[in-house]
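Me: Got a model I'd like to talk through with you. Can you take it piece by piece?

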Amino acid sequence: MARVGRYYDVNRANWDERAPAHAASPYYSFERFVEDPSYLSDVVRFDLPRLGDVSGIRGVHLQCHIGTDTLSLARLGAQMTGLDVSSASLAQARELSRRAGPEVEYVEAELYDAVSVLGARAFDLVFTGIGALCWLPSISRWAQVVANLLAPGGRLFIREGHPVLWSVEYERPDQLLVLAYPYFEQAEPQVWNEPGTYVETDAEFEHNTTHEWNHGLGEIVTAVLDAGMELTMLVEHDSVPWEPLAGQMVKDDQGEWRLAERRDRLPLSYTLQAVKRA
Ligand SMILES: C[S@@+](CC[C@H](N)C(=O)[O-])C[C@H]1O[C@@H](n2cnc3c(N)ncnc32)[C@H](O)[C@@H]1O
């Protein structure tokens, strides 16, 4: 268990350092939020047909980072709380909420402490994803947290990078799609050392180590069911809102990236919804 104490400190240092560069980048469009009170993040806009009406509900965005999706849900009328372990990310999220509105509550906590910090059965909607689950060692413990946060009848909404995509080797000169990394959850993390980040930036970083885990799609579904939720939607997409396979992808005008060639080979993301049994 010693590593469990360390993994999120290592990851937090990485996220704390990158948060200001992310907030300043075109990828997160802070100025668009400030200029246009109806502007929504590409991530939330993509899933609007599946999200439905969220006005008036109590929502929590787990691992909210710098708050662009959290604020978008608040703009759709939800009363939002965002939770993240990175204080520097939350500082950016609070500043965006202050400048662009509406008001969002932000809470600094580790994911597995969310119920003790936010309260059980406190939310109608748990929203998460787009690079969230890979930071967590146990998908079954995550699903328990989600179920405990939800009021009976409340809903989990997650769009996430597909676990098959997480297991593919990213930078191959031959551009073959090769399964090089674990698909199933492992006890030990994959340890990476990457100097950059996923947005365009000139910033240079010192804290480049991360600890990450993959979780298979069946493991995710089983964890959700075992935690007392009923699956109501599972859609796999051929697109993802960042460019994981550099040089092999094309971007559409919604900010979604797809394989340039034979895109039917690989699922890139999925949207899953589940409802907590009453
Ligand atoms: C890629 S962001 C995902 C957020 C959102 N989809 C986005 O793109 O803005 C990952 C976030 O997870 C947070 N995080 C990582 N490990 C965490 C943990 N154990 N508990 C809470 N937050 C965590 C990081 O601080 C970071 O802000």
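Reply: One term up front: a crossing is left-handed if the near helix is turned anticlockwise from the far one by less than a right angle, and right-handed if clockwise. Helices here are DSSP runs of H or I with at least four residues, strands are E runs of at least two, and both are numbered from the N terminus.

Me: So which hand is the crossing of helix 5 and helix 6?
Reply: Right-handed. The axes of helix 5 (residues 68-75) and helix 6 (residues 87-100) cross at roughly 35° and come within 9 Å. Axes are lines fitted to C-alpha atoms, for helices over the stretch in contact, with angles from 0 to 180 degrees between N-to-C directions.

Me: Which residues in helix 5 and helix 6 meet?
Reply: From helix 5 you get T68, L71 and R75, and from helix 6 L96, S97 and A100, with contact meaning heavy atoms within 4.5 Å.

Me: Anything I should know about the model itself?
Reply: It's a predicted model: local features need pLDDT of at least 70 and side-chain atom pairs count only at pLDDT 80 or more, while totals for chains, interfaces and linings use all residues. Residues are numbered from 1 along each chain as its sequence is written, and side-chain values use heavy atoms, leaving out hydrogens and water.

Me: OK, ligand. How many residues surround it?
Reply: 19 residues, and the closest are Y28, H65, D84, E110 and L111; near means a heavy atom within 4 Å.

Me: What lies 2.9 Å from an oxygen atom of the ligand?
Reply: A polar side-chain atom of Y28 does, and so does one of H65. At L111, a backbone N or O atom lies 2.8 Å from a ligand nitrogen atom. Polar contacts are pairs of N or O atoms within 3.5 Å.

Me: And how much of the ligand's accessible area does the protein cover?
Reply: 97% of the 600 Å² that the ligand has on its own, by the Shrake-Rupley method with a 1.4 Å probe.

Me: Switching topic: where is the cis peptide bond?
Reply: Between G101 and P102, with omega about 0°. P102 is in the loop between helix 6 and strand 3 (105-108).

Methods: A polar contact is a pair of N or O atoms within 3.5 Å; within protein, one must be able to donate a hydrogen and the other to accept it, and residues adjacent in sequence count only if both atoms are side-chain atoms.
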